[in-house]
Amino acid sequence: MDYKPVTGVWEITMGCNMRCKHCGSSCTTPLEDELTTGEALALCDDIADLGLKWITLSGGEPLTRKDWPQLVERLRNNGVIPNIITNGWMCDEQAVLQGKEAGVGTFAISLDGMPDTHDYMRKKGSFERTAKAFQLMAENDISSGAITTVSTKNMPELPALKKKLVELGVRYWQLQIGLPMGNFEHTPQMIMAPEDVDQVIDFIYSAADDDRITIYPADCIGYYSHKELASRQKAHKAASPPVWRGCNAGKRSLGILHNGEILGCTSIRNREFIEGSIRERSLREIWEDEKAFLWSRTLKKAELEGQCKTCQYGELCLGGCPNTRLTMTGKIHSENEFCSYNVALKKTQQLVAPIDDVAELLATARNLTMKGEFQLAALSLERAMEIEPENIDVLQLHGYVSFSLNNLEECRKSNQQVLDIDAENVYANKGLGLALHRLGDSDGGISYLQKAVALASEDDTDPYHDLAAVYMETGQRDKAEALLKGAKLLVVA
């Protein structure tokens with residue numbers, strides 16, 4: 001298998017003793033098809049067999065399921081570290097000590113603001129109970145963490161909340177975006193705006209040097225800003241910034257629902273993303289099914305929309321958190337506007353939009369290209385193309401920039417436009433040839449590269465080298481060597 005799971009989230013029950021305003025699952029009472037204790041214990045064995053190192057037990061409220069200590073103990077005995085996410089209401093001394101004895105790795109409690117805000121979002125008195133639970137964990141040397149779902153209501157309270165968590169001895173704190181799903185769909189005024197992501201990143205970055213607490217941006221918060229990269233580096237104590245490399249759902253992580261149904265991520269509630277049930281097939285069979293998790297495992301940059309489709313980080317990022325895209329737009333392939341880099345690009349577009357001087361735009365693009373700032377260069381060129389759609393210099397540079405960004409279809413289009421105007425343009429023939437080759441039409445690409453070679457001047461050997469490279473990549477070594485020998489003779493002559 002190419003994909004080896006490391007971690008996962010298991011919603012062991014949909015029963016809950018709260019009715020939180022931002023609950024993505026709209027949890028109430030346990031559902032009738034919940035796994036029995038026997039089924040759940042067998043699943044603990046299968047989780048270990050599949051090779052997971054960690055599993056997070058959540059809900060609903062996991063502590064409302066009476067056999068949760070048995071599940072924790074079974075997982076721990078199997079060599080899997082079980083963590084728990086709870087709302088904290090039932091985390092009294094008995095529950096905390098039960099968890100410690102059974103082998104809980106980390107108790108994480110959801111905390112959504114200072115007392116008034118937290119109780120408003122959850123239940124009156126819940127902040128006080130959560131604070132007491134954290135104190136109990138600190139007194140009993142149990143690893144504790146807080147998880148905050150960020151909204152417009154609690155965003156201003158993050159500094160004060162951090163101070164309180166430090167006072168309570170909490171070591172780990174994860175911030176995540178509140179998404180319009182479940183109960184939170186009914187309070188759109190509390191959903192963050194895309195530009196608010198930078199405010200959250202700024203806060204994490206400013207607080208990251210405090211050794212008393214480690215703050216983690218969740219996978220839905222990013223991507224590719226200096227502060228985001230630096231914040232993840234500090235959180236993970238890494239030698240270099242950990243670069244976001246796309247969602248791990250169905251690749252290195254999985255989700256398990258209360259009834260044993262398997263999907264890539266429990267945050268994704270749509271039934272179309274369920275891959276199977278452990279009541280019908282083993283967990284390993286579901287994971288290793290070649291047709292499973294295809295929405296994640298086979299996703300390509302070219303399938304994305306908007307800025308994500310042409311972003312220089314697209315091949316790595318693949319649009320960031322898929323559930324953010326799905327809940328915000330209804331489509332899993334849509335552009336992720338809740339991305340720091342996406343926000344920065346849109347701000348740049350607004351600055352470029354009023355410029356009407358094509359010469360200025362082209363000069364700016366050339367300067368940015370020389371610096372390797374291909375994404376920004378593309379924005380200037382796209383504005384220039386709006387003004388003068390048949391400007392060969394603009395189209396030609398856009399083709400090169402698009403190729404550098406691996407936006408091959410854009411590269412193909414720009415070079416084809418040049419050739420529609422000037423069929424004997426050497427670099428448009430070469431650019432189109434390379435684009436077609438990368439797009440899978442190597443024969444078509446070679447024909448354009450051959451034409452570029454025929455049109456090139458004697459001292460221009462670039463087309464020769466590009467054609468030779470394509471020959472090599474298509475297994476035509478003899479042709480590549482002969483071509484390069486001819487190019488060398490031309491230079492010597």
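## Glu-337, helix 15 and the cores

Glu-337 is partly exposed, because its relative accessible area of 38% falls between the 20% and 50% cut-offs. The model described here is predicted. Glu-337 sits in the loop that runs between helix 13 (322-329) and helix 14. Setting aside residues up to four places away in sequence, Glu-337 touches Pro-194, Asn-342, Val-343 and Lys-346. Thr-324 is 13 residues from Glu-337 in sequence, and their C-alpha atoms are 9.0 Å apart.

Two other residues show the remaining burial classes. Asn-259 is buried, with a relative accessible area of 7%. Glu-473 is exposed at 54% relative accessibility. The table sets the three side by side.

| Residue | Place | Relative accessible area | Class |
|---|---|---|---|
| Asn-259 | loop between strand 8 (253-256) and strand 9 (261-263) | 7% | buried |
| Glu-337 | loop between helix 13 (322-329) and helix 14 | 38% | partly exposed |
| Glu-473 | helix 21 (residues 462-473) | 54% | exposed |

Asn-259 has a polar partner. Its side chain and that of Asp-33 are joined by a polar contact of 3.0 Å. Beyond its neighbours within four places in sequence, Asn-259 is in contact with Asp-33, Leu-35, Ser-277 and Arg-279.

Glu-473 gives a long distance across the model. Gln-189 lies 284 residues from Glu-473 along the chain, and 54 Å separates their C-alpha atoms.

**Helix 15**

Helix 15 covers residues 358-370. At 1.5 Å a residue, its 13 residues should span 18 Å. The end C-alpha atoms are 18 Å apart, so the expected span and the model agree. Val-358, Leu-361, Leu-362, Ala-365, Leu-368 and Thr-369 are buried in this helix. Viewed down the helix axis, the buried residues fall within an arc of 125°, so they line one face of helix 15. On the other side, Ala-359 and Met-370 are exposed.

What covers the buried face? Helix 14 (340-352), helix 16 (374-387) and helix 17 (392-404) are included in the cover over the buried residues of helix 15.

Both ends of the helix have a local feature. At the start, a side-chain oxygen of Asp-357 comes to within 3.0 Å of the backbone nitrogen of Ala-359. Just after helix 15, Gly-372 adopts a positive phi of about 80°.

**Cores**

The largest nonpolar core has 80 residues. Trp-10, Ile-47, Trp-173 and Leu-175 have the most contacts inside this core. Ile-47 touches Trp-10, Leu-52, Ile-55, Leu-75, Val-80, Ile-256 and Leu-283, with residues up to four places away in sequence left out. Another core lies apart from the largest one and has 22 residues. Ala-377, Val-394, Leu-405 and Ala-428 are among them.

**Whole protein**

The protein has 22 helices and ten strands. Along the principal axes, its C-alpha atoms fill a box of roughly 90 × 50 × 40 Å. Of the 493 residues, 53% are buried. Among contacts with a separation of 6 or more, 65% join residues 24 or more positions apart. The accessible surface comes to about 22700 Å². Carbon and sulfur atoms account for 49% of that surface.

How values were computed
Residues are numbered from 1 along each chain as its sequence is written. This is a predicted model: local features need pLDDT of at least 70, side-chain atom pairs count only at pLDDT 80 or more; totals for chains, interfaces and linings use all residues. Side-chain values use heavy atoms; hydrogens and water are left out. Helices (H or I, at least four residues) and strands (E, at least two) are DSSP runs, numbered from the N terminus. The expected span of a helix is 1.5 Å times one less than its number of residues. Buried means under 20% relative accessible area, exposed over 50%, partly exposed in between (1.4 Å probe, protein chains only). The arc is that of the directions from the helix axis to the C-beta atoms. Contact means heavy atoms within 4.5 Å. A polar contact is a pair of N or O atoms within 3.5 Å; within protein, one must be able to donate a hydrogen and the other to accept it, and residues adjacent in sequence count only if both atoms are side-chain atoms. Accessible areas come from the Shrake-Rupley method with a 1.4 Å probe; for residues, only the protein chains shown count as cover. A nonpolar core is a set of buried Ala, Val, Leu, Ile, Met, Phe, Trp, Tyr and Cys residues joined through side-chain atoms within 4.5 Å.
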